[in-house]
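Reader: I would be grateful for a close account of one part of this model, namely the place where the two chains meet. Please set out what lies there and how the surrounding elements are arranged.

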Amino acid sequence: MKRVQFEHSAVPYLFVAPQILIISIFFLWPAAQAVYQSFLLEDAFGMSSQFVWFRNFEDVLSSSSWTRSAVFTVVFSVLVAVISITLSLFLAVRADEVIRGAKSYRTMLMWGYAIAPPVAGLLGNMMFNPLMGDLYKAFNSFGFEFNHIQNANDATFVVILIAVWKQVSVNFIFFLSGLQGIPKSVQEAATLDCKSAERRFWTITFPLLAPTTFFLLVINLTYAFFETFGIIDVSTKGSPGGATATLVYKVYVDGFIGADLGGSSAQSVLLMIMVSVLTVFQFRFIERKVHY
Amino acid sequence: MYQSKWRIFTNHTILILGSLFMIMPVWIAFASSTHTREFIFQNGLQFWPGGHMIENYGAILFDPSATKGRVTALEMLFNSMVLGLGFAIGKVIISMMAAYAIVYFRFKLAVPLFWVIFSTLLLPLEVRIVPSYEVVANLGLLNSYTGLILPLIASATGTFFFRQFYRSVPDELLEAARLDGAGPIRFFIDILVPLSVTMIAAIFIIMFVVGWNQYLWPLLMTTDDQLYTIVIGIKQVYNSLYEGGQIPQFPKAFALTVMATIPPVLVVVIFQRMFIKGLVETEK
């Protein structure tokens, strides 16, 4: 809040009106709808519906496909976040050190931010195409018997690889600017005291990057939860047998393709609760734990 | 700072490998898009460009049959441009105004309205996708630019960014402006907006890329080919690759992929410094 403020009756309402209007129509209304529909059960033709209290939630929570998808989502998100953060931190540390070609490396490593997730998914799909994909052939020529179309683990590997590839650039941008924010004098003093670059990294640089890392962890988890929809939809489509369907992908499949409105809405509401908890956790817990 | 020869050598090796990791998939797509479909079908993906670039790209840009529908890639690019620009412009204007009201005014509903705006951060569009679709359908906005853009604007990321920025603007500016007799609207237009120019540019670039890359929402919204954005167009082309028992049109699908990637990548690379600044500041 500003110390000095305007006191005016109509003007602030005029300024905030467009945003509130759009939020009411395209956010509050659909969100309320989702909650309402999650308590309804529609017949097969969508002609009538009845109020069934928490039955949709019971059905969702007790269905093995939802639990399976929830487990996959958690494993997938954690792996994507950890792998892409590690990889980009590694690259950012090196990119921060080089003098020659520093700008070119930065450009080469950050441009991927602009790639749409479904485009990344298609590129991955192409590399793993059994007809002509280079990676598919390479893995099989090493004798892995790689088959992501039938094997759930292989399919998971493909989706994770694509998701990591897409996310490296974002993490890289944040780590590099975090590293450049560390005063040169601190690094020079550390170099005098300790010759090992690796120990310097763990004792000086990494603790200074802790806030960035925690922030990126949250960003990456949200990314893996929601934005990987495009990647999954064009690479595995959740196959084999729903083994690579995240919760968000399942909401879409059940709601639009399966036309199970009540069940899909119940899943939406469950997701809303999960995301809200994550956000509160982010604000309450992480902000306090990290020393700036 | 002292660096050993070995460290310098490994630094470059690692960075070159990292860059190759990022670039190879797109390069292979580009190289493969410049061959005939028979050649790709027989020989697999290519690392080196062939001689059919103009032919393939020309076909997809201007001939609707090459993209398996009634629209050419040129029209899809136009739709993507409308979505990217419309989303970025709408988002910047609406969130600047809302943030101004929240930061600079004392009014009754300030706190509840702030929480309403904040709540949009909790529930991304993906989570409430089915009811959002129904609402837009009820309003008769399916297959329209309005229906495509407005629901995407209903999240408050931009508002928080401008709120953060306004709070860093010195209070003295407002005091001085008031002494000179400037009202709230005059202060906004003549002082605050000119002050925010770099920030506006940065957030505009980010939002353009975000808008251009939208997938799930346009996929549901646009059943009419005429409104396909290029990202959606690619999916349709890939889906119909194996139809009709002919040799799959891989080169043209790759060409479309490359074309979808070029505009946002160019924007990000050209405005790199501004873009990074915006991204890093926004998230703080």
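Author: The account below begins with the contact between the chains and then moves outward to the elements around it.

This is a predicted model, in which local features need pLDDT of at least 70 and side-chain atom pairs count only at pLDDT 80 or more, while totals for chains, interfaces and linings use all residues. Residues are numbered from 1 along each chain as its sequence is written, and chains are lettered from A and ligands numbered from 1 in the order in which they are written.

On the contact itself, 77 residues of chain A are in contact with 78 residues of chain B (two residues are in contact if their C-beta atoms, placed from the backbone, lie within 7 Å). Helix H1 of chain A, residues 11–37, supplies the largest share of chain A's side, 19 residues (helices are DSSP runs of H or I with at least four residues, strands are runs of E with at least two, and both are numbered from the N terminus). By class, that side of chain A holds 53 nonpolar, 17 polar and 7 charged residues (Ala, Val, Leu, Ile, Met, Phe, Trp, Tyr, Cys and Pro count as nonpolar, Asp, Glu, Lys and Arg as charged, and the others, Gly among them, as polar).

The largest nonpolar core has 154 residues, of which A:Val248 and B:Tyr100 touch the most other members. Such a core is a set of buried Ala, Val, Leu, Ile, Met, Phe, Trp, Tyr and Cys residues joined through C-beta atoms within 7 Å; a residue is buried if 20 or more other C-beta atoms lie within 10 Å of its own, exposed if 12 or fewer, and partly exposed in between, with C-beta atoms placed from the backbone. Helix H4 of chain B, residues 73–104, gives the most to this core, with 17 residues. Because domain 1 (11–51) and domain 2 (57–289) of chain A both give residues to the core, it lies between them; the domain bounds come from an automatic or database domain assignment. Leaving aside residues up to four places away in sequence, B:Tyr100 touches A:Phe15, B:Tyr166, B:Phe188 and B:Leu192.

Those two domains of chain A have C-alpha centres 31 Å apart, and 7 residues of domain 1 are in contact with 7 residues of domain 2. On the domain 1 side, H1 and strand S1 (40–42) of chain A are the elements that give two or more residues. This side has 4 nonpolar, 2 polar and 1 charged residues.

Helix H4 of chain A, residues 102–110, also involves both chains. Its buried residues are A:Tyr105, A:Arg106, A:Met108, A:Leu109 and A:Met110, and their cover includes helices H3 (64–97) and H7 (152–180) of chain A together with helix H1 (5–32) of chain B.

UniProt, in an unreviewed entry, places the feature "transmembrane region" at several spans of chain A, including residues 70–93 and 155–179; its positions are given in the numbering used here, feature names are shortened, and annotations may be inferred rather than shown by experiment. Residues 70–93 of chain A are 100% helix, with end C-alpha atoms 34 Å apart, and residues 155–179 of chain A are also 100% helix, with ends 35 Å apart.

Chain B as a whole contains 15 helices and 0 strands, and buried residues make up 45% of its 284 residues.
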